[in-house]
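Please read the report below alongside the sequence and the model.

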Amino acid sequence: MVEVRLFAYFRDNRGKILYLDPNLFPTVQIILDHLGIKLSDVQILLVNGRHSHAQHLLKENDIVALFPPVAGG
Amino acid sequence: MERYLRNKDSISKSQQNLLAQGHVVVLGCGGLGGSIAESLIRIGIGKLTLIDDDVFAVSNLNRQRFSTSKTIGRAKVEVAKEKLLEINDQAEVISKKVFIDASNIHDLTEGCDLVIDALDNFETRRIVEDADLNVLIISAAVAGYNGWLTISKPGFRNIKHLCSHSNKGVEQALGNLSFTVNILAELEVSLAVRTLLGEDVSLRGFYFVDLKTLEIEKIEIIE
């Protein structure tokens, strides 16, 4: 399974951590489509702690983390 | 000193002296900056420079420490200085009502021990980090029930990870809530105090705060 960690309002109605089969969800983009999150709304996209991109091919035990931009003071 | 009696034993007398010798520059004097400034003065920082070009508006009243119905329209840094000196007239408080940009960031921070980013946009945060200041920068931002916190220094640039190409984030839709602003401000102060007392608080990545789940998660980024 791929572990998908959502942060901030991405968690609303989706939960905090999801486990998805990489055979059914082979890229980050497909996960975003499944979750109804626009790529343009994602500020930080990490795969296993490294900056990555929506077409990253996922494999078993990968960890994806998604954050929106937060700038207020 | 009786003023700092309740800081002990978490802050010893010698550590209290270290704080009294410290000079901290706070960039931004809005929600984060006002709370940070008050907390730093109360805990015993000797010298504080506040920088912000803005004046108080009615929409600041939901969260900004020194905004009141009487201070609307007044320069944030001037009001803050007055209030901070009411708390501790032995502290040195410098107020600078200027817009922070690449041309003045070095002059504004010259000679300080620490910079605290209490800004409200990505563009200025990038300028501050890209300036390669020779001091540590403690940085935070908020939106709704969330915020991030990080520490940046040459060789450990972390603010860049959090900055979008647009100038603002989801706070445009989710707003800036008083409790989120104050919690992130106090987290910045806690890192500031530990830094001034000589502790290494550096990291590669950032902390993400969620006030709905009451969690602070350390997010490490491998480069």
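The text covers the sheet of chain B, the helices on it, and the contact between the chains.

This is a predicted model, in which local features need pLDDT of at least 70, side-chain atom pairs count only at pLDDT 80 or more, and totals for chains, interfaces and linings use all residues. Residues are numbered from 1 along each chain as its sequence is written, and chains are lettered from A in the order in which they are written.

In chain B, eight strands (DSSP E runs of at least two residues, numbered from the N terminus) form an open, mixed sheet in the order β3-β2-β1-β4-β5-β6-β7-β8. Pairing requires at least two DSSP bridges. The edge strands are β3 (92-96) and β8 (215-220) of chain B. β7 (205-210) and β8 of chain B are antiparallel over six bridges, and B:Tyr207 stands opposite B:Lys218.

Two helices (DSSP H or I runs of at least four residues) touch this sheet; contact means C-beta atoms, placed from the backbone, within 7 Å. Angles, from 0 to 180 degrees, are between N-to-C directions of lines fitted to C-alpha atoms, for helices over the stretch in contact.

| Helix | Strands touched | Angle |
|---|---|---|
| α2(B) | β1, β2, β4 and β5 of chain B | about 170° with β2(B) |
| α8(B) | β1, β4, β5, β6 and β7 of chain B | about 170° to β5(B) |

The end C-alpha atoms of α2(B), residues 31-43, are 19 Å apart, which agrees with the 18 Å expected for 13 residues at 1.5 Å a residue, the count being one less than the number of residues. Just after α2(B), B:Gly44 has a positive phi of about 115°.

The contact between the chains takes 16 residues from chain A and 30 residues from chain B.

Technical notes. Contact = placed C-beta atoms within 7 Å.
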